[in-house]
Amino acid sequence: MNKTEKYDHRSIEKKWQKKWIKEGVYTADIKNFSNKFYNLFMFPYPSAEGLHAGHAFSSTGSDVYGRFMRMKGKNVFQPIGYDSFGIHAENFALKIGEHPEKMLSRTIKHYEDQFKSLGHGYDWTRTVTTSDPSYYMWTEWLFLALFKAGLAYRKKAHVNFCPKDRTVLADEQVMTPKQAGKEPKDAEGNAVSLSDDLRVCERCGTVVEKRELEQWFFRITDYADRLLNNLEKIDWSQRVKIAQREWIGKSTGMIIKFKTKKEKKLEVFTTRPDTLNAVTFLAISDEKLYNENTKEKIGEFTGEYSIDPLSQRKIPIWKTNYVAPGYGTGVIMGVPAHDERDMDFAKKYQIKIINKKPDKFLWKLIEEKGWGRKHTNYHLRDWLISRQRYWGTPIPMIFCKNCKRNGKGYLGDEKIKLIHKDRSDWEWQGWWPDENLPIILPHIDDYQPEGTGRGPLANHPEYFKVKCPECGSDARRETDVSDTFLDSSWYFLRYPSTRCARSGQVPFDPDITKNWLPVDLYFGGAEHSVLHLMYARFVWMVLYDLGYFNSSAKGQPASDWEDPFPRFFAHGLMIKDGAKMSKSRGNVINPDLYISKFGADTLRLYTMFLGPMDASPDFRDSGIEGMHRFVQRIWNFFQENNNIVLESEKDSQEIFSLMHQTIKKVSEDIQSFRYNTAISTIMIFFNLLREKAKNKSADPEALKTLVLLLAPFAPHMSEELWTNVLKEKFSVHNSGWPKYNPELVKVDQVEIVVQVNGKLRGQLNIKYQVLSIKEEIEKLAKSDPKVSKWLVSKKIKKVIFVPGKLINFVVS
Ligand code: ANZ
Ligand code: ZN
């Protein structure tokens, strides 16, 4: 036997990475779509110098699946890009005092090198960078598409303003400190003590203010019902669906009119018209008093009364802090008998409580008598799209005073469908779309946000001074830029079209889009549940309604095209030594160090082994060393058994039965994102091969299978073993995924040794399916009477588990 060499991950990994790109192993055949699999990973925003281990974990999770599908014979398209426009990247640039453009040219390169060094199978010929004019001119186009469809409007509103980022934020970008994963701060960066009603900026954790400003909005509320109903049709992680459902917050009820003394009427929104008989007071919202998460109810009696239509009783009218100004009608009917909040309030202010049973018949009666009408209310608000920042997609709109004076403004285009026809709720006069795209974001040096309610571009007349496209007089370009979530709302549409002949003329080619979309698997973080994932669905539905997905060749779009991501998997978030990985804690892991020390394959195997993909794995140095030894053992095994491979003897029944079971289990586990048990199943199979090799009974078939199963997890070493050791045809990643024989899978019992303090105390026959699940085997062992008598009144200090072999209870 030859002395084995140490596995040289540095040269072997680099060698294959180069060769894969040179040979186009992962370059999708865009013309051949019959067997397509669009494997999408949420592209990162370069808001740091590079990727951290959490990205390595999640992107590997997506890559494993793509590789598996490719080996299953799919024509996989797996692109990557950079969400480089917007506040995420810009805040980092501001922090390090470098112009975003300069910062990004360095960091994007680093991100790319990191993705490559992880060995991911991306199609590097089709990437997008959202801050590149060849991309953002189409984001501008998208703004105009929505505007022309009547879905973009300007309005003065009470909006959330982040005093630190000095810009307004959409409702979705304001949350509790816990949801944002941030410690709450004031504008100067000082810590603010936690309380229930705190709402902070998603990006920086600063407590937001309310300001009244005129802003651009998208009418996402027009799509509320469709966004809600389509959730039933898509295969998404439950928690993300629930978050969207709650965010849309549909409630059906009635608006009921109450007469007041001054011959006016007050309208209330209620989901419980059946409790009208027990109404005790009316409560009006008060902008100044209002507090979203208040526990203590505060009120002020107005001195006025209204008349309950049902009983003609006099009902006192109060102002309170717990009725939201922007929700329903901003007025409620207080029913203490059936509503806890109303009860708290009535008790505190000693309002006489009326107690009556709810009456379903009231729904009908109220309608018949004309006291009220059915009404559906939503929590979802329109999407605030403008930002008073520099680093973003220009808003391609021009305002002309002269036209406004003459009552003129854009009123539609015959060729474009007007989805929202009513223009009565905003001042459209004076506004015109700028069709000369791209509008290039100028390079300026005073890009710091000022917080004046206007963005840095407002200090640049060379940018905003333009002629009115209609009347030619002096006009002004919008100087706010778009929310970064507009950039990412359509990037997956751009990827497959980036290299097509018409990529300069259209945002996405209709034929390519028809063939490659929707996305087959979207893999990403759940933190975007009501942000990116809601916005992208909305934008998609609008484009769908505008007919952009109608292929010239194929006419109408297929009906299941109403959503861009029929399947979405939400991965978990990585933690480090028990705490969330974050820059402020200083426990962010740089994957580069581990890749150079142990190799990408070890890092990939290690992160995938930590637990199922939707759990929160804890990164520990000791674990990665163990995985490194496993990689080395596989390498050694192939080195030592070169001869056996070539002169294989007879089939071993045991090996074959385990091999087929392993194929089955690994395939099933990958499909359900349980990569951890897939890997431990491979480990068990490998252990058996090692044992049998001592008797010179290894078989090429079994060895090939081992390498194929390892390929999605350890793509470099698998390629080396496949091509150079087993002398099979390049590339292992295009070789077929092994199939199993159902007959051989039936033998499914494996013997496991049970020890207590290292002494043999029993044996268990374990079903193959649970062989690698520690908890399951621990339970079975403890309930075996032969074992349990050794555990009685002992303290279990440690459980040692060798998958497929033994379990040892260390007791004292
Ligand atoms: C009477 C009543 C009786 C109510 C009862 C509830 C229970 P959702 O499901 O969230 O839509 N409400 C209406 N407008 C409100 C506002 N602007 N701020 C705070 N609360 C408001 O809840 C609708 C219910 O919340 C409405 O039905 C109203 O109280 C209250 F046993 O009316 B209900
Ligand atoms: Zn004009």
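Of the 812 residues in the protein chain, 57% are buried. Keep in mind from the start that you are looking at a predicted model. As for how far to trust it, the mean pLDDT of the protein chain is 91, and 95% of its residues score 70 or more. The weak spot to keep an eye on is residues 552-558, where pLDDT drops below 50. That stretch still has 13 contacts in the model beyond its near neighbours in sequence.

Now for the overall layout. Taken along the principal axes, the C-alpha atoms of the protein chain fill a box of roughly 100 × 70 × 55 Å. Inside that box you'll find 27 helices and 33 strands. The chain also reaches across its own sequence a good deal: among contacts between residues at least 6 apart, 76% join residues at least 24 apart.

The domain assignment splits the chain into three pieces. Domain 1 is written in two segments, 138-220 and 387-485, while domain 2 covers 250-378 and domain 3 covers 749-811. If you want a feel for the spacing, the C-alpha centres of domain 1 and domain 2 lie 36 Å apart.

Let's go to the metal site next. Which residues hold the zinc ion (ligand 2)? The SG atoms of Cys400, Cys403, Cys468 and Cys471 coordinate this zinc ion, at 2.2 to 2.3 Å. Why is the arrangement called tetrahedral? The four donor atoms subtend angles of 104 to 115° around the zinc ion (ligand 2), and that makes the site tetrahedral. Read along the chain, the donors follow the spacing C-x2-C-x64-C-x2-C. Look at where two of them sit: Cys403 is in helix 11 (residues 401-405), whereas Cys468 is in the loop between strand 22 (465-467) and strand 23 (474-477), so this pair ties together parts that are 65 residues apart in sequence. Both of these cysteines are tucked away from the surface. Cys403 has a relative accessibility of 2% and counts as buried, and Cys468 is buried too, at 5%.

With cysteines on the table, how many disulfides does the structure hold? The count is zero. Cys162 is a good residue to check here. The closest cysteine sulfur to that of Cys162 belongs to Cys204, and at 3.6 Å the two are too far apart for a bond, since a disulfide needs the sulfur atoms within 2.5 Å. Cys162 is itself buried, with a relative accessible area of 0%.

Further along the chain, pick out Thr602 in helix 18 (residues 600-609). Is Thr602 buried or exposed? Thr602 is buried, with just 1% relative accessible area. Leaving aside residues up to four places away in sequence, Thr602 touches Ile624, Met627, His628 and Val631. For a distance across this part of the chain, go from Thr602 to Ser672: they are 70 residues apart in sequence, and their C-alpha atoms are separated by 22 Å.

Finally, a few backbone details are worth a look, starting with cis peptide bonds. One runs from Leu437 to Pro438, with omega near 0°. You'll find Pro438 in the loop between strand 21 (431-433) and helix 12 (461-464). Another cis peptide bond joins Phe730 and Ser731, where omega is about 5°. Ser731 also lies in a loop, in this case between helix 24 (715-725) and helix 25 (742-745).

Then there are residues with positive phi that aren't glycines. Gln312 is one of them, with phi of about 65°. Gln312 sits in the loop between strand 14 (299-307) and strand 15 (314-320), and is exposed, with a relative accessible area of 55%. Ser793 is another non-glycine with a positive phi, near 50°. To locate Ser793, go to the loop between helix 27 (785-788) and strand 32 (796-802). Ser793 counts as exposed as well, at 75% relative accessibility.

Methods: Residues numbered from 1 in each chain as written. Chains lettered and ligands numbered in written order. Predicted model: local features only at pLDDT ≥ 70, side-chain atom pairs only at ≥ 80, totals over all residues. Heavy atoms only, no water. Buried < 20%, exposed > 50% of the residue type's maximum accessible area, 1.4 Å probe, protein only. Donors = N, O, S within 2.8 Å, 3.2 Å for Na, K, Ca; no water. Tetrahedral: all angles 85-135°; square planar, octahedral: opposite > 155°, others 65-115°. Helix = DSSP H or I, 4+ residues; strand = E, 2+ residues; numbered from the N terminus. Domains from an automatic or database assignment. pLDDT = per-residue confidence, 0-100. Contact = heavy atoms within 4.5 Å.
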